[in-house]
Amino acid sequence: MQRKNGLWKELVTNRLLFLMLLPTLLFFIINSYTPMVGVYYAFTRFDFNTSLFNSQFVGLENFKFLWKSGVLVKLTLNTIGYNAVFILLGNVLAIALAILLSELKTQWFKKLTQSIMFLPYFVSFVILSVIVYNVFNYESGFLNTLLEKLGAEPVDVYNTPWIWIFLIIIFYLWKNLGYSMVIYLATITGISEEYYEAAKIDGANIFQRIWYITVPMLKTTFVMLLLFALGSIMKGQFDLFYQLVGNNGMLYNTTDILDTYVYRSLKVTFDIGMSTAAGLYQSLFGFVLIMTVNYIIKKINDEYALF
Amino acid sequence: MKIKDDNYMKWFRLIAFVVILVSTVACLFPFLLIISASLTQNEAIIRDGYNLIPTVFSLEGYATVFRFPKQVLQAYGVTTLTTVIGTTLGLFLMTMAGYVLQRKDFKYRNFFSFMIYFTTLFGGGLVPWYILMTKYLKLTDTMTVLIFPGLMTPFLIILMKNFIRSAVPDEVIESAKIDGANDFTIYSRIVLQLSMPGIATVGLFLALHYWNDWFTSSLFINDTSKYQLQYYLYNVINAMSFVAQMGAGTGVSLGSDMPTESTKMAMSIIVTGPILFLYPFVQRYFVKGLTIGAVKG
């Protein structure tokens with residue numbers, strides 16, 4: 001009763017604030033919380049004409065199928081593997097570029113190159129698929145045109161699964177490096193010149209200044225971005241994978257991630273029970289992963305914990 | 001010692017310069033390739049392949065796109081409308097939410113913040129959401145479905161909250177309250193004015209999302225007149241590839257009067273045009289906003 005009074009009192013005194021927050025809360029209730037009820041589909045055989053709780057209950061059958069067919073293991077490994085490479089390579093290269101760029105002295109060159117490297121972030125993934133097709137298609141792609149001129153054999157990229165591991169990573173970097181670089185560059189610009197001056201007087205050369213001043217100063221930003229990214233390690237870059245690979249079954253073994261699998265099961269085969277199961281597995285696995293990571297971080301260094 | 005350092009420095013600068021230059025060219029190269037291809041004669045592309053400089057200059061790709069301009073313009077209209085409405089509405093709601101959630105005298109702010117943040121930790125997944133939208137809310141083929149799901153994200157709300165917290169001192173709000181201003185007036189007269197750089201950044205994120213969205217159309221839109229621009233492009237590309245493959249496969253030149261390759265590239269340029277055009281003007285707000293966010297984050 002005491003609690004209820006507290007809430008009621010707060011509702012009255014801050015009614016305008018509540019009213020201003022209400023649309024946002026409704027948005028998340030409709031868009032995020034209501035669908036959580038629908039995870040029940042994962043345990044049913046879906047029928048579009050009956051309502052959710054009247055659907056035929058099949059227990060863990062959908063999960064069993066996913067597990068037995070080996071899809072789940074493959075998808076999990078692909079999703080985590082790609083994301084791990086994205087996170088590590090993406091951050092390390094962004095730091096390297098930011099450091100190099102910050103050491104250049106010509107202002108217009110710095111501004112211009114920074115702008116151009118940030119540009120791919122603004123381009124849609126549909127355009128990215130056009131670019132990849134443009135460069136790698138068998139008949140008239142830029143690569144094969146070049147190889148032909150050099151007298152070499154053309155490469156059939158769209159039928160060679162292993163190449164796509166590299167292509168996906170390269171185009172992830174192409175699209176995202178500029179963005180992370182800008183963030184790191186901001187941190188570097190914030191480092192006081194005095195540190196560098198003092199180090200110079202002490203006779204530290206450029207490499208020592210970078211290694212002992214810049215790199216340690218970037219550690220906080222790096223750890224924050226890293227942990228933030230770890231939180232979504234089970235959520236793939238759906239747009240990237242789907243636009244590059246599409247429904248090309250030849251490449252699934254090396255390029256299929258949980259998101260693309262769920263999307264295809266919904267759009268192409270319309271297998272509601274199965275795709276809900278895969279989606280629920282992804283959500284739960286991700287949730288447990290974040291909780292574990294956050295728990296460990298809290299033990300090591302409380303400041304970096306996500307929540 | 002001094003000379004040695006200068007020597008290092010010279011080499012280091014040179015390497016830095018080369019690495020940055022190479023990365024920049026690598027970022028720019030795909031754009032040049034598309035622009036070049038869009039200006040090349042279709043037969044020349046098929047004969048000689050894609051090149052950095054048009055082998056035979058032609059505007060036929062653009063001409064083909066605008067031979068039947070109705071659909072392109074329609075898609076342009078849909079995307080422009082959703083971008084404008086979605087960005088405006090999203091900004092309005094998120095600035096309000098950000099403002100409320102950073103008010104220290106708002107007792108349940110942590111609870112509500114967590115309620116929003118929790119949706120990034122766990123969710124029902126794509127399929128239940130899809131069924132909710134189509135079967136229960138009946139939003140298939142509506143403009144609402146193109147706008148609603150993209151209105152806000154927890155990340156942008158947190159960003160907005162941090163921006164407002166750093167831009168609007170608590171004392172300003174306090175003194176406005178003493179002067180008798182209500183919470184909404186404080187928001188509309190003071191908070192909005194003071195957090196413009198933050199609003200610009202979040203607004204750009206939103207606008208970019210709406211402009212580049214193909215996913216929502218692919219799930220919910222069957223009526224071609226309501227396709228978003230990117231999804232329209234996606235379909236044109238697939239249709240063109242189909243025509244070209246049919247032509248090659250059957251030996252019958254189905255697409256002989258259809259310059260498939262150059263048209264695809266021209267379409268891509270037309271779709272990306274506004275972004276490339278606006279980019280020089282907006283990117284510094286982006287950099288500025290992200291800089292604030294990163295420092296305060």
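Reader: Which residues does B:L233 touch?

Author: This is a predicted model, where local features need pLDDT of at least 70, side-chain atom pairs count only at pLDDT 80 or more, and totals for chains, interfaces and linings use all residues. Residues are numbered from 1 along each chain as its sequence is written, with chains lettered from A and ligands numbered from 1 in the order in which they are written. Touching means that two C-beta atoms, placed from the backbone, lie within 7 Å. Leaving out residues up to four places away in sequence, B:L233 touches A:V126, B:M267, B:S268 and B:V271.

Reader: How many helices and strands does chain B have?

Author: Here, helices (H or I, at least four residues) and strands (E, at least two) are DSSP runs, numbered from the N terminus. Along the sequence, chain B reads α-α-α-α-α-α-α-α-α-α-α-α-α-α. That comes to 14 helices and zero strands.

Reader: What do chains B and A each put into their contact, and which helix of chain B gives the most?

Author: Chain B puts in 78 residues and chain A 71 residues. On the side of chain B that touches chain A, the top contributor gives 17 residues, and that's helix α1 (residues 2–38).

Reader: What classes of residue make up that side of chain B?

Author: Ala, Val, Leu, Ile, Met, Phe, Trp, Tyr, Cys and Pro count as nonpolar, Asp, Glu, Lys and Arg as charged, and the others, Gly among them, as polar. Sort the side of chain B that touches chain A this way, and you get 53 nonpolar, 17 polar and eight charged residues.
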